[in-house]
Amino acid sequence: MTIIELIKVSKNYPNSKLPAICDVSLKVEEGEVLALLGPSGSGKTTLLRLIAGFETPDEGVVLLKGNIVSEQGLALPPEKRGVGMVFQDYALFPHLNAAENIAFGLRRMSRSEKNEKVCTILEMVGLSDFSKRYPHELSGGQQQRIALARALAPDPALVLLDEPFSSLDPDMCVRMREDVSEILQKTGSTAVLVTHDHEEAFSMADKVALLNEGRLEQLDTPEGIYHTPLSPFVADFVGKADFITGVVEGGKIVTEIGCLQNTSHFIEGAEVMVMIRPDDIDLRPNAKGDATVLERQFRGSENYYRLRLSSGQIIHSGQHSVSVYPVGSQVDLQLQITHVVAFEKTKVNGPRS
Ligand code: ADP
């Protein structure tokens with residue numbers, strides 16, 4: 001079943017020249033987790049607020065479970081949408097303990113039903129022993145799990161998470177991503193998550209909607225967004241991407257590091273820019289090799305290399321953590337591209353270091 005459908009939704013704030021959201025259409029199916037990803041100001045929060053009902057669209061329609069909940073001049077209030085919300089700062093009630101916070105949204109249940117539900121959900125988030133603790137007596141991660149438990153307790157059709165890990169330290173953040181994903185999976189919840197971090201989006205979401213200046217640049221699986229970006233913006237936003245010049249000759253894209261398939265069917269003679277990810281290149285030591293090692297960053301799980309090709313083009317490569325090539329040495333590049341992504345030369349900015 002389709003849980004959310006947005007059809008050509010646009011939103012302009014007063015006194016703002018550019019629309020915060022422009023002509024966005026997308027669908028989220030039951031049980032899916034969608035990440036709204038993009039740089040600051042790209043419209044992620046606005047889109048989440050349009051789905052929640054805190055904002056009304058200027059154009060377009062928002063449907064929840066097939067029913068129109070927002071269109072121009074009409075907006076079903078957030079509390080009538082059957083949507084659970086987890087805010088950036090968790091927004092737990094400080095004067096209520098964990099169990100009371102969770103029970104807050106369960107108004108229509110009898111006392112015993114409420115108690116049972118609170119116990120079940122506390123167990124699910126692994127905090128059965130913390131039911132009597134007040135928010136200030138819980139760690140950031142525990143507060144977040146209570147906030148998620150509170151959002152999930154009324155069995156919402158949809159749960160919305162607004163940058164839920166932004167106030168956690170990096171180690172805790174990684175653990176909480178796993179915990180939250182597991183809880184969402186266990187409950188079969190449909191969720192929309194706002195994040196500016198592509199790793200968070202990739203690790204948690206089934207689908208990623210990448211926004212840029214209010215427009216939907218690409219809606220795809222994490223793998224699709226990473227391996228087959230539809231624009232240089234997407235390519236660059238979701239990981240390191242170098243672009244090298246290629247020319248279409250004899251049906252192939254000829255570059256200085258090898259010939260590639262012309263998968264986008266550019267015309268013969270076309271000048272293109274081919275996207276190279278650090279994981280697309282393998283290195284082999286060779287004193288007569290075409291590339292010079294300019295820098296090695298040891299990152300624990302990998303060695304990350306910055307290399308210069310004979311043309312002067314800079315390129316990056318991630319290698320095994322024990323593959324060490326000295327700075328200044330020559331190496332051969334071996335291409336391991338599974339998906340060739342190339343754009344018209346005019347659409348790509350100049351080379352970067
Ligand atoms: P993101 O969540 O991706 O950082 P937002 O949805 O918060 O982006 O903002 C999108 C655009 O809308 C930005 O240009 C922002 O300045 C503008 N904006 C957001 N909220 C308001 C508001 N209440 N009034 C006016 N402009 C706003």
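## A tour of the pockets, the ligand and a ring pair

Let's start at the second largest pocket, where the lining residues divide into five nonpolar, three polar and four charged. Before you click any further, keep in mind that this is a predicted model.

**Stop 1: the second largest pocket.** To bring it up, select His198, Glu199, Phe202, Tyr226, Val238, Gly239, Lys240, Pro278, Asp279, Glu302, Tyr304 and Gly318, the residues that line this pocket. They surround about 350 Å³ of space. Now colour by secondary structure: α6 (198-204) and β18 (302-308) are the elements that give two or more residues to this lining. Which of the elements gives the most? That is α6, with three residues.

**Stop 2: the largest pocket.** Next, move over to the largest pocket, with a volume of about 900 Å³. Its lining is made of 21 residues, and to find the centre you can select Glu79, Val83, Gly105, Arg107 and Pro154, which are the closest to it. Try showing β7 (83-86) and α4 (140-152) as well, since β7 and α4 each supply at least two residues of the lining. The top contributor here is β7, which gives three residues. What does the lining look like by class? Count 14 nonpolar residues, three polar ones and four charged ones.

**Stop 3: a pair of rings.** Select Phe93 and Phe104 and show their side chains. The structure has five aromatic pairs in its count, and this is one of them: a tilted pair, 4.5 Å from centre to centre, with 50° between the planes. Where do the two rings sit along the chain? Phe93 is in the loop between β7 and α2 (98-103), while Phe104 is in the loop between α2 and α3 (111-124), so the pair ties together parts that are 11 residues apart in sequence.

**Stop 4: the ligand.** Now centre the view on the ligand and show what surrounds it: Tyr13, Ala20, Pro39, Ser40, Gly41, Ser42, Gly43, Lys44, Thr45 and Thr46. If you colour this shell by class, you get three nonpolar residues, six polar ones and one charged one.

Switch on distances and pick out these contacts:

- Gly41: a backbone N or O atom lies 2.7 Å from an oxygen atom of the ligand.
- Thr45: an N or O atom in the side chain is 2.4 Å from a ligand oxygen atom.
- Thr46: a polar side-chain atom sits 2.5 Å from an oxygen atom of the ligand.

How much of the ligand does the protein bury? Taken alone, the ligand exposes 550 Å², and 57% of that is buried by the protein.

**Stop 5: the cavities.** To finish, turn to the enclosed spaces. Searching the whole structure turns up two cavities of 30 Å³ or more. The largest cavity has a volume of about 40 Å³. Which residues should you select to see what lines it? Go for His227, Met275, Arg277, Asp280, Thr338 and His339. By class, that lining comes out as one nonpolar, three polar and two charged residues.

Notes: Residues are numbered from 1 along each chain as its sequence is written. This is a predicted model: local features need pLDDT of at least 70, side-chain atom pairs count only at pLDDT 80 or more; totals for chains, interfaces and linings use all residues. Side-chain values use heavy atoms; hydrogens and water are left out. A residue is near a molecule or strand if one of its heavy atoms lies within 4 Å of it. A polar contact is a pair of N or O atoms within 3.5 Å; within protein, one must be able to donate a hydrogen and the other to accept it, and residues adjacent in sequence count only if both atoms are side-chain atoms. Accessible areas come from the Shrake-Rupley method with a 1.4 Å probe; for residues, only the protein chains shown count as cover. Ala, Val, Leu, Ile, Met, Phe, Trp, Tyr, Cys and Pro count as nonpolar, Asp, Glu, Lys and Arg as charged, and the others, Gly among them, as polar. On a 1 Å grid over the protein atoms alone, a cavity is a set of points where a 1.4 Å probe fits but cannot get out, and a pocket is an open set with protein on both sides within 12 Å along at least five of seven lines; lining residues have an atom within 4 Å of a point. Grid points are joined across faces, edges and corners, and a volume is the space filled by probe spheres set on the points. Rings of Phe, Tyr and Trp (its six-membered ring) pair if their centres lie within 6.5 Å; planes under 30 degrees apart count as stacked, over 60 as edge-to-face and the rest as tilted. Helices (H or I, at least four residues) and strands (E, at least two) are DSSP runs, numbered from the N terminus.
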